[in-house]
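Visitor: I'm new to this one. Could you walk me through how to read it?

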Amino acid sequence: MSKLLAPANVGGLSLKNRVVMSPMCTYEVIRENGIATPFHFAHYGARAISGVGLIITESTAVDPRGRISNNDLGLWNDEQVSEFSRLVDSLHYLGSKVGVQLNHAGRKAADEDVPVAPSAIAFSDDSNKLVELSKEDIANIVAEFGQAAKRASDAGVDMIEIHGAHGYLLNQFLSAVSNKRDDEYGGSLENRFRIVSEVIDAVKANFAGPIWIRLSLTDYDESGLQNTMGDWEQIGKWLEEAGIKLIDVSTGGLLPKGPNFPVHDGYQTPFATELKNAVNIDVSTVGLLDNPGLAEYILQNDQADLIMEGRALLRNTNWLADAAKELHDHDFKVFDASYERGQK
Ligand SMILES: Cc1cc2nc3c(=O)[nH]c(=O)nc-3n(C[C@H](O)[C@H](O)[C@H](O)COP(=O)(O)O)c2cc1C
């Protein structure tokens, strides 16, 4: 059996395989109330039926002012719990473990008239005016992460991922490129990490399951201000001490620019491997891992512990069955036996 499709204990979860559906916004909450619609059931349900070990649902707002768009899912109020709980139940029924990615978009809340941020530095020239968060505002947002975690727990999720990547609020605090504060939330690495540590404590107080975090290990910034790999290794150790079970390694999103090197299959995996070698917790990799042979190679060579698939699963709900064929893995089972006839 391939390592990709064999059961494994990773990131505090017992999974039927090492394929995770990477969190991806769908912008399908038409009524702007943060509540899941039939689209979410069909969209995630199809990926569960296809055999994905863990589905991490899209960026889900802990505060309406922290939405990437007004069409995001949310867990900022109790009315959002029952439909989300039904979604989690349905995905469990179809055989996947389910997690949620909790997020506050900060300065990247695109539909917000006056978004909030650690410092009043806009994402890009055409961004809206910003408000710098007071210490009281920060305490409120930390509490909101805790309350959203409680709602996710009530809905029955298996894990929670804190979104610390792609230039959203926690990433804005972590990077000296976007954080110019002179209080205890800015300046030193320890200070820039403070809100992350408080968010982890708030989530931990309300959720007994494994907590993961997604990080962007480079801002593609050339000013000399971005965190170094040494800084990320220090952050990795603090996350380990805080009880984080897996670091989901991504890159970019803080600035309106892409990689400053040629993008190729698995281009983000070296960042994951470097961090993995510095910590004693699991690390996942994401980014152009559509080729199952490459995914298997990464796992076999301990470059990462888990593979996240994004766009490949948007294009092809049959990705896992195709991967099983390509890897000559005859043990892979689809959810519904009648589908096997389609694999012959
Ligand atoms: C439509 C779309 C929406 C996305 N939304 C999110 C999101 O909500 N949270 C997140 O952490 N990453 C998000 N991403 C990034 C993906 O999770 C993934 O990291 C990225 O697409 C690279 O992986 P891939 O090459 O397998 O697609 C999104 C990507 C796409 C294509």
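Guide: Let's begin with polar contacts: a polar contact is a pair of N or O atoms within 3.5 Å; within protein, one must be able to donate a hydrogen and the other to accept it, and residues adjacent in sequence count only if both atoms are side-chain atoms. Here, a side-chain N or O atom of Arg311 sits 2.6 Å from an oxygen atom of the ligand. This is a predicted model, where local features need pLDDT of at least 70, side-chain atom pairs count only at pLDDT 80 or more, and totals for chains, interfaces and linings use all residues. Residues are numbered from 1 along each chain as its sequence is written, and side-chain values use heavy atoms, leaving out hydrogens and water.

Visitor: Which backbone atoms lie close to an oxygen atom of the ligand, at 2.7 Å and at 2.9 Å?

Guide: For Leu288, a backbone N or O atom is 2.7 Å from a ligand oxygen; for Gly310, a polar backbone atom is 2.9 Å from one.

Visitor: How much of the ligand does the protein bury?

Guide: Accessible areas come from the Shrake-Rupley method with a 1.4 Å probe; for residues, only the protein chains shown count as cover. Alone, this ligand exposes 610 Å², and the protein buries 82% of that.

Visitor: And how many aromatic pairs are there?

Guide: Rings of Phe, Tyr and Trp (its six-membered ring) pair if their centres lie within 6.5 Å; planes under 30 degrees apart are stacked, over 60 edge-to-face, the rest tilted. The structure has six such pairs. One of them, Phe173 with Tyr185, is edge-to-face, at 6.4 Å centre to centre and 70° between planes.
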